[in-house]
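Ready for a few hands-on exercises? Have a look at the model first, then work through the tasks one by one.

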Amino acid sequence: MRPTVLCFSGLDPSGGAGLQADIEAIGQSGAHAAIACTALTIQNSQQVFGFEATSKELLLAQANAVVNDLPIRCIKSGMLGTTENIAALAEFLTAHSDYLYVLDPVLVANSGGSLGNQATLVKAFIQLIPLATLLTPNTVELRALTGEEDLQLATQKLFDMGAQAVLVKGGHEDTPDYIQNSLYIAGELINETRCPRLEGEYHGSGCSLASFIAGRLAMGDQLKTAVQHAETWLFGVLKIADIPVPNGQRIPKRF
Ligand code: PLP
């Protein structure tokens with residue numbers, strides 16, 4: 001029986017990021033994706049024009065509808081949009097503490113557009129941090145969440161805030177030839193991986209990586225193995241991204 005990952009994520013009409021990225025990545029990991037939709041965004045691969053968030057009641061009703069219906073092993077969250085939705089997810093996770101949980105702390109789109117009020121989202125994320133099996137911040141999100149510029153100190157601060165494991169994604173760092181990701185578990189550096197930096201920008205790469213990890217965790221991988229599988233898979237699907245977007249970000253070819 002395929003285990004289910006229940007994703008709390010938003011709709012991106014371009015199909016590059018958000019819940020479509022989650023469905024495709026989790027499908028490729030071998031697991032099944034279910035979705036509780038947090039927001040409808042208006043965006044393309046170049047720009048975010050706006051969004052309308054789901055109410056807390058509607059979000060919880062969606063999640064609760066599938067709880068006793070599907071074999072959920074893992075929760076994955078991406079764009080949550082509002083502090084109310086973050087509180088709703090914290091409430092849901094507290095009621096289901098047996099689920100694994102991958103927290104992708106989405107604050108802005110890779111195109112730079114707002115996916116919520118950053119200052120209030122950062123404060124609200126504090127309640128989710130101790131509940132997560134793994135956090136997957138990029139370095140911009142890591143600095144925003146902790147208010148700390150130095151990456152080592154910022155990571156340490158996340159552990160002080162109750163994090164169990166953190167994958168720091170280095171795509172936004174000034175390393176022209178490569179991207180380095182660092183996996184920390186219980187405050188210890190467990191693994192560092194480097195892959196060549198591909199040309200261009202990719203829409204939904206963070207969502208895809210976090211979702212594939214969630215899928216592999218649901219399938220029974222240990223954390224380090226799940227992350228390694230996901231990094232290898234992501235590099236492959238970015239390399240073959242084949243939708244030409246002259247001024248925008250490329251769409252990963254996830255299947
Ligand atoms: N979730 C939604 C709904 C989005 O629209 C975006 C970005 O546009 C993201 C998440 C984060 O995307 P990325 O994986 O590029 O960080």
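Below are three short exercises, each with a worked solution.

This is a predicted model, where local features need pLDDT of at least 70, side-chain atom pairs count only at pLDDT 80 or more, and totals for chains, interfaces and linings use all residues. Residues are numbered from 1 along each chain as its sequence is written, and side-chain values use heavy atoms, with hydrogens and water left out.

**Exercise 1.** Work out which residues are closest to the ligand.

Step one: take the shell, meaning residues with a heavy atom within 4 Å of the ligand. It holds 15 residues, and the closest are Gln43, Asn110, Gly204, Gly206 and Cys207.

Step two: see where they come from. Helix α7 (residues 205–218) gives the largest share, three residues; a helix here is a DSSP run (H or I) of at least four residues, numbered from the N terminus.

**Exercise 2.** Find the polar contacts (N or O pairs within 3.5 Å) of the ligand's oxygen atoms.

Start with the side chain of Gln43: one of its N or O atoms is 2.3 Å from a ligand oxygen. Next comes the backbone, where a polar atom of Gly204 is 3.1 Å from a ligand oxygen, and an N or O atom of Gly206 is 2.9 Å from one.

**Exercise 3.** Describe the overall dimensions of the protein.

Along the principal axes, its C-alpha atoms fill a box of roughly 45 × 40 × 40 Å.

Notes. A polar contact is a pair of N or O atoms within 3.5 Å; within protein, one must be able to donate a hydrogen and the other to accept it, and residues adjacent in sequence count only if both atoms are side-chain atoms. Helices (H or I, at least four residues) and strands (E, at least two) are DSSP runs, numbered from the N terminus.
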